[in-house]
Amino acid sequence: MVIMEKETFIPLVVKWAKSHGFKDIQANMEGYETPKSYERAADNTRFTPDVTGVNMFNRHYLEVCMKTDQMRGHISKWKLLSELAGMKGAKLYLMAPRGHVRFAREAVDQYNIPAEVVKID
């Protein structure tokens with residue numbers, strides 16, 4: 001099985017965001033402004049969203065979601081971003097490549113993260 005890097009999916013997420021009417025897109029990749037990082041006060045851990053975009057006047061967070069052994073960091077990041085999104089009337093989208101959708105849905109259910117899971121190819 002080929003291990004795919006999360007970074008390879010960020011252009012697909014940007015493409016999805018554009019096709020779904022998102023504006024002012026920021027992405028953690030070359031050619032785009034990097035989204036604002038957030039720091040968790042408890043341990044000074046920094047979280048940078050993969051992609052953010054404005055839709056209906058709110059900035060939404062779009063995260064590539066892939067099966068991994070390092071779940072704790074991802075869960076913390078998703079919980080933080082979903083909380084930030086919720087406070088601003090926005091949404092967290094977990095963008096799951098083929099083969100990772102079920103994993104994403106199970107993580108959302110298991111950790112009670114208010115997020116929309118979207119399949120990307």
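# A guided tour, starting from helix H1

Select Lys18 to begin; this residue belongs to helix H1. The model on display is a predicted one. With its neighbours within four places in sequence left aside, Lys18 is in contact with Ile25 and Tyr32. Tyr32 stands 14 residues from Lys18 along the chain, and 13 Å separates the C-alpha atoms of Lys18 and Tyr32.

**The whole chain**

Zoom out to display the entire protein. Three helices and seven strands make up its secondary structure. Read from the N terminus, the order of the elements is α-β-β-β-β-β-α-β-α-β. The C-alpha trace spans about 35 × 35 × 25 Å along the principal axes. For 121 residues, a compact globule would be expected to have a radius of gyration near 14 Å, and the value for the protein, 13 Å, agrees with this.

A surface display may be switched on at this point. The accessible surface comes to about 7,300 Å², and carbon and sulfur atoms account for 52% of it. Of the 121 residues, 42% count as buried. Where contacts between residues at least 6 apart in sequence are considered, 53% join residues at least 24 apart.

**The two sides of helix H1**

Return to H1 and select Ile10, Val13, Val14, Trp16 and Ala17, which are buried. Viewed down the helix axis, the buried residues of H1 lie within an arc of 160 degrees and therefore line one face of the helix. These buried residues pack against S1, strand S4 (51–55), strand S5 (58–64), S6 and strand S7 (116–120). Next, turn the helix over: the face directed away from the buried side carries the exposed residues Lys15 and Ser19. Just after H1 comes Gly21, with a positive phi of about 85 degrees.

**The aromatic cluster**

Now display the aromatic side chains. The structure holds four aromatic pairs. One of them is formed by Trp16 and Phe22; it is tilted, with 5.9 Å centre to centre and 40 degrees between the planes. Trp16 counts as buried, at 15% relative accessibility. Phe22 is buried as well, its relative accessible area being 4%.

Keep Phe22 selected and add Tyr93. Phe22 and Tyr93 form an edge-to-face aromatic pair, 5.9 Å centre to centre and with 85 degrees between the planes. Which parts of the chain does this pair link? Phe22 lies in the loop between helix H1 (10–19) and S1, whereas Tyr93 lies in strand S6 (residues 92–97); the two are 71 residues apart, and the pair links distant parts of the chain. Both Phe22 and Tyr93 are buried. Ring pairs thus link Trp16, Phe22 and Tyr93 into a cluster.

**Gln26 in strand S1**

Proceed to Gln26, which is placed in strand S1 (residues 23–27). Is Gln26 buried or exposed? Gln26 is buried, because its relative accessible area is 10%, and the cut-off for a buried residue is under 20%. Its side chain makes a polar contact with the side chain of Glu33, at 3.2 Å. To see the surroundings, select the residues in contact with Gln26 beyond its neighbours within four places in sequence: Glu33, Thr34, Pro35, Lys36, Asp50, Val51, Thr52 and Arg59.

**Lys77 in helix H2**

The following stop is Lys77, in helix H2 (residues 71–87). At 9% relative accessibility, Lys77 counts as buried. Apart from neighbours within four places in sequence, Lys77 is in contact with Lys6, Phe47, Thr48, Pro49, Asp50 and Glu63. Asp50 can be left on display from the previous stop, as it is also among the contacts of Gln26.

**The loop between S4 and S5**

The tour ends at Met56, in the loop between S4 and S5, and at Phe57, which lies in the loop between S4 and S5 too. Phi of Met56 is near 55 degrees, a positive value in a residue other than glycine. Phi of Phe57 is likewise positive, near 70 degrees, again in a residue other than glycine. Are these residues buried or exposed? Met56 counts as exposed, at 67% relative accessibility. Phe57 is exposed with a relative accessible area of 83%.

Methods:
Residues numbered from 1 in each chain as written. Predicted model: local features only at pLDDT ≥ 70, side-chain atom pairs only at ≥ 80, totals over all residues. Heavy atoms only, no water. Helix = DSSP H or I, 4+ residues; strand = E, 2+ residues; numbered from the N terminus. Buried < 20%, exposed > 50% of the residue type's maximum accessible area, 1.4 Å probe, protein only. Polar contact = N/O pair within 3.5 Å; in protein donor to acceptor, adjacent residues only side chain to side chain. Contact = heavy atoms within 4.5 Å. Phe/Tyr/Trp six-rings, centres within 6.5 Å; stacked < 30°, edge-to-face > 60°. Rg over C-alpha atoms; globule rule 2.2 N^0.38 Å. Areas by Shrake-Rupley, 256 points an atom, 1.4 Å probe, with all protein chains shown as cover. Arc of directions from axis to C-beta.
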